[in-house]
Amino acid sequence: MVRQEKIGLDIQKKVYHTDKFYQPKETIKYPIVGTQYEIIYNHLSYNHKIENAYIELSTAVFWIQKKELIPIIKKLKSLGYDILTEMSAIDMLAIDNRFEMFYQFLSILPNNSQKRRIRIKCYLNPNENIDSISGEFRAALWSEREAYDMLGIVFTNHPHLNRILMPQDWVGHPLLKSYPLKGDENASWYEVDKIFGKDYRQIIGPEQRDSARVDEKDTFNFARIGHETQKGTQETLKLSGSKNALFVKNLENSNPKVLKERP
């Protein structure tokens, strides 16, 4: 039991993310000609330019130009692909200086039983906008806000393009590969500045966002099997002494100051 616990702690401290320039092995792509999806390809390519088309993981993938996005998804919708299951972008800026947009559609019609899933992909240059598809698929209202929040992509004609996960006044976009894994300078002081004010930076210190610096016996914030305590009975973190809090700089309480209101 002790051995298992030590192994768990070692795993917690290991780096579990991949390098930001890591490229996974590509999946096999098959020709679309001769498959059930060839019918969809013919419908789309009759009036629109398809840059590339293939089958990948039982899904038809169509590469298009950004300007063709709205007409093509309208055509797909008329063909029964009326469910948007996912959409987002991949940060390829460090590799070829652009985003890779993708839109995943599903059809549950019986005549599409052999061709259920279609993925539309296009490139987006940095500082470029792309049309919102929320007018055709309401599910995109949330997905586009997430892509805006996490990657900074602006969707034209979105009715309410605001952050959805991060605070409205957050600086930067956390899913960009250029964004530091533990947050940037703004992230390290965000809650301190928000709650106490910048004057207390030297007193409190920056936030610790290192996942390896956790208390292995803390069952209130982290699940530590074998060290469970009932909620409300956990020991508080010390703010003075030799062994102190991991997340807050030690405070000197000999001359405390009472704030009447939050700065």
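1. Burial and overall make-up. In this predicted model, 33% of the 263 residues of the chain count as buried. The chain has seven helices and eight strands. Among contacts between residues at least 6 apart in sequence, 49% join residues at least 24 apart.

2. The core. The largest nonpolar core holds 43 residues. Within this core, F62, M101, Y103 and I120 touch the most other members. Helix α3, which covers residues 69–78, contributes five residues to the core, the most that any element gives.

3. Around F62. One of the residues that touch the most other core members is F62. Which residues is F62 in contact with, leaving aside its neighbours within four places in sequence? They include I32, Y37, I40, Y41 and L44. Also in contact with F62 are I50, N52 and A53, and then the run I118, R119, I120 and K121. I120 therefore appears twice in this note: as a contact of F62, and beside F62 among the residues that touch the most other core members.

4. Helices α2 and α3. Two packed helices are described by the angle between their axes and the distance between the axes. Helix α2 (residues 38–47) packs with α3 at an angle of about 135 degrees, and their axes are 10 Å apart. Why is α2 called oblique to α3? An angle over 145 degrees would count as roughly antiparallel, and one of 65 to 115 degrees as roughly perpendicular; the angle here falls in neither range, so α2 is oblique to α3. The crossing of α2 past α3 is right-handed.

5. The contact between these helices. On the α2 side, the contact is made by I40, H43 and L44. On the α3 side, I72, K75 and L76 take part. By type, the residues of this contact divide into four nonpolar, one polar and one charged. Of the α2 residues named here, I40 and L44 are also in contact with F62.

6. Two residues to check in the backbone. Most residues other than glycine have a negative phi. N127 is not a glycine, yet has a positive phi of about 70 degrees. N127 lies in the loop between β6 (117–124) and β7 (130–131). Is N127 buried or exposed? With a relative accessible area of 83%, which is over the 50% cut-off, N127 is exposed.

7. The second such residue. N157, again a residue other than glycine, has a positive phi near 75 degrees. N157 is found in the loop between β8 (155–156) and α6 (185–195). The relative accessible area of N157 is 68%, so this residue counts as exposed.

Technical notes
Residues are numbered from 1 along each chain as its sequence is written. This is a predicted model: local features need pLDDT of at least 70, side-chain atom pairs count only at pLDDT 80 or more; totals for chains, interfaces and linings use all residues. Side-chain values use heavy atoms; hydrogens and water are left out. A nonpolar core is a set of buried Ala, Val, Leu, Ile, Met, Phe, Trp, Tyr and Cys residues joined through side-chain atoms within 4.5 Å. Buried means under 20% relative accessible area, exposed over 50%, partly exposed in between (1.4 Å probe, protein chains only). Helices (H or I, at least four residues) and strands (E, at least two) are DSSP runs, numbered from the N terminus. Contact means heavy atoms within 4.5 Å. Axes are lines fitted to C-alpha atoms, for helices over the stretch in contact, and angles run from 0 to 180 degrees between N-to-C directions. Angles under 35 degrees count as roughly parallel, over 145 as roughly antiparallel, 65 to 115 as roughly perpendicular and the rest as oblique. A crossing is left-handed if the near helix is turned anticlockwise from the far one by less than a right angle, and right-handed if clockwise. Ala, Val, Leu, Ile, Met, Phe, Trp, Tyr, Cys and Pro count as nonpolar, Asp, Glu, Lys and Arg as charged, and the others, Gly among them, as polar.
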